[in-house]
Amino acid sequence: MLTAALLLATTLVIDKPHGEVRFGAVVQPDAMSRMFGVQGHHAIVWRGGKSAKWALFAADPSDHDVRVALDSLGAHRGENLTPDAWNKRDDRSSPEPDKRVEGTPVDVFVEWPGQARVPLASLLEEKGHASPLLDFRYGGNERFQSEFQSGCIVCLYSCPGGAVGNHAHPIRDYVRDGVVYTSRPNRLPRAGSRVTIILKPRTEGP
């Protein structure tokens, strides 16, 4: 079994016996609230993506590599969103921003030295809810990356720019409610610390 230290040093691990993908990332406790970007939207983004500056976690592997890893575990890409889910978010006549991401459900965890894995939900808070509404699905959406170039691996909304999105909130909610998600810095390691992200798709057995 890999130790926490080895996990942190590994860019990407596909653990088929345990049905999960693990990879390293850097924590950015205040990034989701930074000005001049899309706030409260990105949970985990590839460090080379355009949206990395506003993500709670900046990941080592690319969003493409994470998709390949999830595919190898049998996760199914929903592919039901279009770029207009984001591009027409202010157009009330468009049905696209009301669509919710589909695909294989994915459980998301985080761990770091001295802290066993915890659900991503425990590191976030959502305005108006005792616990954040999170229902992650493997949307896919890789064909849109030439347009968005966000590098988003896990998004907090049903966004066509992310590999994994949140079925609980369509983009229309973001327009209507504004920023509702924030991090819980008191539950996170200090800025710049290394963590391990775990994505565990809930695929059907053989």
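Buried means under 20% relative accessible area, exposed means over 50%, and partly exposed lies in between; these words return at many stops of this tour. The model on screen is predicted, with a mean pLDDT of 91 for the protein, and 94% of its residues reach 70 or more.

**Stop 1: the start of the chain**

Select residues 1-9, where pLDDT stays under 50 and where the model has 10 contacts beyond four places in sequence. Where pLDDT is low, the predicted coordinates should not be read in detail.

**Stop 2: Arg 194 and Asp 60**

Now turn to the salt bridges, of which the structure holds 20. Select Arg 194 together with Asp 60, whose closest N and O atoms are 2.5 Å apart in the salt bridge that they form. This pair links distant parts of the chain, since Arg 194 belongs to strand β12 while Asp 60 sits in the loop between β4 (55-59) and α2 (63-72), 134 residues apart. Which of the three accessibility classes does Arg 194 fall into? Its relative accessible area is 31%, so Arg 194 is partly exposed, whereas Asp 60, at 12% relative accessibility, counts as buried.

**Stop 3: a network of salt bridges**

Asp 15, Glu 20, Arg 22, Glu 111, Arg 117 and Lys 200 can be selected as a group, for they are joined into one network by salt bridges that share partners. Within this group, look at Arg 22 and Asp 15, whose side chains meet in a salt bridge of 2.8 Å, N to O; Arg 22 is buried and Asp 15 is buried too.

Then move to Glu 20 and Lys 200, whose side chains meet in a salt bridge of 3.5 Å, N to O. Here again distant parts of the chain are linked, with Glu 20 in strand β2 (residues 20-27) and Lys 200 in strand β12 (residues 194-201), 180 residues apart. Glu 20 counts as buried because its relative accessibility is 4%, while Lys 200, with a relative accessible area of 27%, is partly exposed.

**Stop 4: the aromatic rings**

The structure holds three aromatic pairs, and two of them are visited here. Select Trp 86 and Tyr 174, whose ring centres are 6.2 Å apart and whose planes stand at 45 degrees, so the pair is tilted. Trp 86 lies in helix α3 (residues 84-87) and Tyr 174 in helix α5 (residues 171-177), so that this pair links distant parts of the chain, 88 residues apart. The relative accessibility of Trp 86 is 14%, which counts as buried, and Tyr 174 is likewise buried, with a relative accessible area of 14%.

Next, select Tyr 157 and Tyr 181, an aromatic pair that is edge-to-face, with 5.8 Å from centre to centre and 80 degrees between the planes. Tyr 157 lies in the loop between β9 (152-155) and β10 (162-166), and Tyr 181 in strand β11 (residues 181-183), so the pair ties together parts that are 24 residues apart in sequence. Tyr 157 is buried at a relative accessible area of 1%, and Tyr 181 is buried at 0%. Showing both pairs together brings up one aromatic cluster, formed by Trp 86, Tyr 157, Tyr 174 and Tyr 181.

**Stop 5: charges over rings**

Keep Trp 86 in view and add Arg 89, which lies over the face of Trp 86, at 3.9 Å from the ring centre. Then select Arg 117, a member of the salt-bridge network, and find it over the face of Phe 109, at 5.9 Å from the ring centre.

**Stop 6: an exposed ring**

Go to Phe 36, in the loop between β2 and β3 (42-46). Is Phe 36 buried or exposed? Phe 36 has a relative accessible area of 80%, and is therefore exposed. For a sense of distance, add Pro 170, which is 134 residues from Phe 36 in sequence and 22 Å from it in space, C-alpha to C-alpha.

**Stop 7: two backbone angles**

Most residues other than glycine have a negative phi. Select Glu 79, which has a positive phi of about 50 degrees although it is not a glycine; Glu 79 is in the loop between α2 and α3, and at 29% relative accessibility it counts as partly exposed. Finish at Gln 149, in the loop between α4 (145-148) and β9, where phi is positive at about 55 degrees, although Gln 149 is not a glycine. With a relative accessibility of 39%, Gln 149 counts as partly exposed.

Technical notes: Residues numbered from 1 in each chain as written. Heavy atoms only, no water. pLDDT = per-residue confidence, 0-100. Contact = heavy atoms within 4.5 Å. Salt bridge = Lys/Arg side-chain N within 4 Å of Asp/Glu carboxyl O. Buried < 20%, exposed > 50% of the residue type's maximum accessible area, 1.4 Å probe, protein only. Helix = DSSP H or I, 4+ residues; strand = E, 2+ residues; numbered from the N terminus. Phe/Tyr/Trp six-rings, centres within 6.5 Å; stacked < 30°, edge-to-face > 60°. Lys NZ or Arg CZ within 6 Å of the ring centre and 35° of its normal.
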